[in-house]
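I opened a fresh page for this chain and wrote down what I looked up, one entry at a time. Follow along with the model on your own screen.

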Amino acid sequence: MPATTVYTVVLLATAAWLACQPLSEQARFIRHNSSNVHHLEVGKWWTLFTSGLVVDGFPVLLGVAAVAVALGLAEWRWGTARGLGTFLFGHVVATLFTEGAMWLMRLAHLPGALTRARDVGISYGLVATVACLLALAGARARRYGLSALAAALTVAWIVNHELADAGHLVALGLGVLASRSRWLRTAVPVAENR
């Protein structure tokens with residue numbers, strides 16, 4: 001599982017480097033790699049990808065382990081291109097949806113439009129990948145697993161009212177949408193790859 005291995009090593013290396021830096025350098029790195037409205041407007045589209053190099057919002061080792069398991073399972077089940085593609089689809093498209101909402105709020109002069117918000121992390125890709133895995137699993141996992149994930153993410157959004165929480169719900173929907181694609185449904189089962 002080459003993509004999982006490489007991404008896990010990069011996440012760990014980035015986390016180790018950040019841990020060795022003073023708080024001001026950590027804040028600068030995160031600020032410059034946030035995929036927020038300001039960066040996207042000035043042409044820093046690369047932040048759509050570099051924002052996914054930072055584990056944010058929960059303990060680093062827990063986040064890296066969750067990505068290793070989810071992405072590893074997706075890569076094992078569907079192959080490298082499809083597994084990594086699902087993760088990137090969730091990460092990039094959920095980011096574009098959330099930042100697009102902020103951009104529209106700013107255009108409409110609505111309060112709460114955060115154009116320079118801190119927007120980094122692995123969670124959108126992780127949620128989309130897990131949702132896709134659950135949607136393509138057996139009926140029981142699909143029924144109960146997706147329902148439990150949706151309920152947990154909805155409660156988090158209701159309690160916190162954070163942009164990232166709304167993005168997690170978008171990523172959940174994207175994962176389910178990806179599971180409906182012919183690209184994943186026609187993936188060769190693992191047993192036939194051997």
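**Entry 1: confidence**

I began with the confidence of each element: helix α11 (residues 190-193) has the lowest mean pLDDT of the chain's elements, at 42, while α7 has the highest, at 96. This is a predicted model, remember. I then looked up the chain as a whole and found an average pLDDT of 89, with 96% of the residues scoring at least 70. Over residues 190-194 the pLDDT stays under 50, and for this stretch the model has 4 contacts beyond four places in sequence.

**Entry 2: the cores**

Next I asked myself which residues touch the most other members of the largest nonpolar core. I found Leu146, Leu149, Ala171 and Leu172, in a core of 13 residues. Three helices give two or more residues each to this core: α7 (123-135), α8 (139-160) and α9 (163-179). The largest share comes from α7, with 6 residues. My margin note: in soluble globular proteins, nonpolar side chains tend to be buried together.

I stayed with Ala171 and listed its contacts, setting aside neighbours within four places in sequence: Ala94, Tyr124, Val127 and Ala128. There is also a second, separate core of 10 residues, and I noted Tyr7, Ala70, Ile122 and Leu126 among its members.

**Entry 3: Val170**

I moved to Val170, which sits in helix α9. Is Val170 buried, exposed or partly exposed? I have Val170 down as partly exposed because its relative accessible area is 28%, and the class in between runs from the 20% limit for buried to the 50% limit for exposed. Leaving out residues up to four places away in sequence, Val170 touches Ala94 and Phe97. I also checked a distance: the C-alpha atoms of Val170 and Ala131 are 11 Å apart, with the two positions 39 residues apart along the chain.

**Entry 4: Val92 and Asn33**

Val92 belongs to helix α6 (residues 80-107). I wrote Val92 down as buried because its relative accessibility is 14%, and buried means under 20%. Beyond its neighbours within four places in sequence, Val92 is in contact with Leu48 and Phe49. From the C-alpha atom of Val92 to that of Thr4 I read 17 Å, for two residues 88 apart along the chain.

For Asn33, I first noted its place in helix α2 (residues 23-33). Its relative accessibility is 9%, so Asn33 counts as buried. What does Asn33 touch, not counting residues up to four places away in sequence? My list reads Trp46, Thr47, Thr50, Ser51, Asp119 and Val120.

**Entry 5: a surface patch**

I turned to the outside and found a nonpolar surface patch of about 320 Å², made by Met1, Leu73 and Trp76. Met1 itself lies in the segment before α1 (2-19).

**Entry 6: His161**

I kept a backbone check for the end. Most residues other than glycine have a negative phi. His161 is not a glycine, yet I found a positive phi of about 55° there. Where is His161? I located His161 in the loop between α8 and α9. I marked His161 as exposed because its relative accessibility is 61%, and the cut-off for exposed is over 50%.

How values were computed:
Residues numbered from 1 in each chain as written. Predicted model: local features only at pLDDT ≥ 70, side-chain atom pairs only at ≥ 80, totals over all residues. Heavy atoms only, no water. Core = buried A, V, L, I, M, F, W, Y, C linked by side-chain atoms within 4.5 Å. Buried < 20%, exposed > 50% of the residue type's maximum accessible area, 1.4 Å probe, protein only. Helix = DSSP H or I, 4+ residues; strand = E, 2+ residues; numbered from the N terminus. Contact = heavy atoms within 4.5 Å. Patch = residues over 30% accessible without salt bridge, like charges linked within 9 Å, V, L, I, M, F, W, Y side chains within 5 Å. Areas by Shrake-Rupley, 256 points an atom, 1.4 Å probe, with all protein chains shown as cover. Salt bridge = Lys/Arg side-chain N within 4 Å of Asp/Glu carboxyl O. pLDDT = per-residue confidence, 0-100.
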